[in-house]
Amino acid sequence: MAVTQFNPTSQKPHFRSSQLSFLSRSLPRHRHCAFPGVHRTQRARISCSVAPNEVQVPAVKTEDPKSKPDCYGVFCLTYDLRAEEETRSWKKLINIAVSGAAGMIANHLLFKIASGEVFGPNQPVALKLLGSERSIQALEANPSMNSLNSQNFLLFCISPRGPGMERADLLDINGQIYAEQGKALNAVASRNVKVIVVGNPCNTNALICLKNAPNIPAKNFHALTRLDENRAKCQLALKAGVFYDKVSNVTIWGNHSTTQVPDFLNARIDGLPVKEVVRDHKWLEEEFTEKVQKRGGALIQKWGRSSAASTSVSIVDAIRSLITPTPEGDWFSSGVYTDGNPYGITEGIVFSMPCRSKGDGDYELVKDVIFDDYLRKRIAKTEAELLAEKRCVAHLTGEGIAVCDLPGDTMLPGEM
Ligand SMILES: NC(=O)C1=CN([C@@H]2O[C@H](COP(=O)(O)OP(=O)(O)OC[C@H]3O[C@@H](n4cnc5c(N)ncnc54)[C@H](O)[C@@H]3O)[C@@H](O)[C@H]2O)C=CC1
Ligand SMILES: O=C([O-])CC(=O)C(=O)O
């Protein structure tokens, strides 16, 4: 299963009834062609291109015109993926499932994926929308994980957090959902699926999910800390008076919470160490660090709800970092499993660390980073918080009886 570029031996994708199939809007304007297997009554004239070195699509085969088209909400299936062998001029389908699909983040994200912004032009993508009861009504989404067997990416944007809910309650209630979904993934998903957990507390939710999915490599699970990296880059760019793209090598260490550590020691501006460009080291240690740590909460205070558009942008960045080679010398942050990490961080937790990818969906941890006392001390604090969260969900990870002794002064970004 999964996308060709991740697994060349992947099985042929097949289409389940609740999937919505999109062709990237950014297909070139070339000639029209019809697709084999498309019902005569609904045969869509879909733009497609055939490059000189590609195989021309053979003549259209028709199927029983009486058979009904698959329609879901306003979308009808017009591209029969069973004909995939015959449409060799097309890239292989990428399957993406989004859970919490009727929520704010997904509302931005789904259109980015469907437009071709994430996986590029000429790339067919199939979106599977998963959700709670509410989203079944809103989107005709699918509440079941059973048909996730052919996904390349699974994005969890679930939020059952209610007013006045304590952090420990959230860990438990949200954690139960992730335990359940981890089990479902374990039963049906491809071993190559890449899972990005967005719903908070995302590091520990990712841990619960991966612990309940032992058939899937723990390495394939990510907790989204890319939003924090983007926020850190933005603050550094503003301070240095440079464009955002001049800032590189920014690591967010640890938890997606107010203990996270935006690393200015290893970060660079225009290729130079940040500390050489930003001489105000007090600003780096105090203002910059706190601003990034508490940005989520500041936004909730101003806007009344958590960041959705910028989160969806950062999910796009996170996916693109896995499917395109990391630029030479640079890296990106992701919350990943700590087993085998070269930094001495306790194993068995999901911790944001610097990663590089060859663009094949996989990643390696970056070895050549430096530490000083300030960085080590901060990393120890966020590590302690994640270990406490882990103890708090031991009943959900199969590690015994939960003991919840969360440090009082640490919070989710939105908990200020
Ligand atoms: N990691 C990060 O950088 C960030 C994480 N977040 C987190 O992302 C999550 C989602 O945020 P929004 O989209 O703004 O929330 P939202 O409340 O707008 O949407 C969440 C969706 O999840 C659905 N849902 C609830 N329980 C479910 C279940 N058991 N199965 C499937 N779907 C379920 C709800 O019906 C809703 O449609 C929150 O937990 C939020 O704290 C938000 C911003 C940044
Ligand atoms: O707590 C929240 O939902 C908001 C959040 O993660 C962020 O903006 O970083």
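1. Overall make-up. The chain holds eleven helices and 18 strands. This is a predicted model. Of its 416 residues, 44% count as buried. Among contacts with a separation of 6 or more, 71% join residues 24 or more positions apart.

2. Division into domains. The chain splits into domain 1 (20-223) and domain 2 (226-397). Contact between them involves 32 residues of domain 1 and 30 residues of domain 2.

3. The domain 1 side of that contact. At least two residues each come from α1, β8 (153-156), α3 (167-188), β9 (194-197), α4 (202-211) and β10 (221-223). Helix α4 gives the most, with eight residues. By class, this side of domain 1 has 20 nonpolar residues, seven polar and five charged.

4. The annotated region. The UniProt record, an unreviewed entry, carries the annotation "domain: Lactate/malate dehydrogenase C-terminal" for residues 225-395. In the model, residues 225-395 are 46% helix and 16% strand. The C-alpha atoms at the two ends of this stretch lie 25 Å apart.

5. Surroundings of ligand 1. There are 30 residues around ligand 1. Those that come nearest are G100, G103, M104, I105 and S159. Two elements give two or more residues to this shell: α1 (104-115) and α2 (133-139). Of these, α1 gives the most, with three residues. Helix α1 also supplies at least two residues to the side of domain 1 that touches domain 2.

6. Character of the ligand shell. Which classes of residue make up the shell around ligand 1? It has 14 nonpolar, 14 polar and two charged residues. Both domains take part: domain 1 (20-223) and domain 2 (226-397) each give at least three residues to the shell.

7. A three-stranded sheet. Strands β11, β14 and β15 form an open sheet in the order β11-β14-β15. The pairing is antiparallel. β11 (247-248) and β15 (272-273) stand at the edges with a single partner strand each, so one side of each has no neighbour in the sheet.

8. Detail of one strand pair. Strand β14 covers residues 268-269. Two bridges link β14 to β15 in the antiparallel sense. Across this pair, R268 stands opposite P273 in β15. In general, strands of a sheet pair through backbone hydrogen bonds, in either the parallel or the antiparallel sense.

Notes:
Residues are numbered from 1 along each chain as its sequence is written. Chains are lettered from A and ligands numbered from 1 in the order in which they are written. This is a predicted model: local features need pLDDT of at least 70, side-chain atom pairs count only at pLDDT 80 or more; totals for chains, interfaces and linings use all residues. A residue is near a molecule or strand if its C-beta atom, placed from the backbone, lies within 6 Å of it. Helices (H or I, at least four residues) and strands (E, at least two) are DSSP runs, numbered from the N terminus. Ala, Val, Leu, Ile, Met, Phe, Trp, Tyr, Cys and Pro count as nonpolar, Asp, Glu, Lys and Arg as charged, and the others, Gly among them, as polar. Domain bounds come from an automatic or database domain assignment. UniProt positions are given in the numbering used here, feature names are shortened, and annotations may be inferred rather than shown by experiment. A residue is buried if 20 or more other C-beta atoms lie within 10 Å of its own, exposed if 12 or fewer, and partly exposed in between; C-beta atoms are placed from the backbone. Two residues are in contact if their C-beta atoms, placed from the backbone, lie within 7 Å. Two strands pair if DSSP finds at least two bridges between them.
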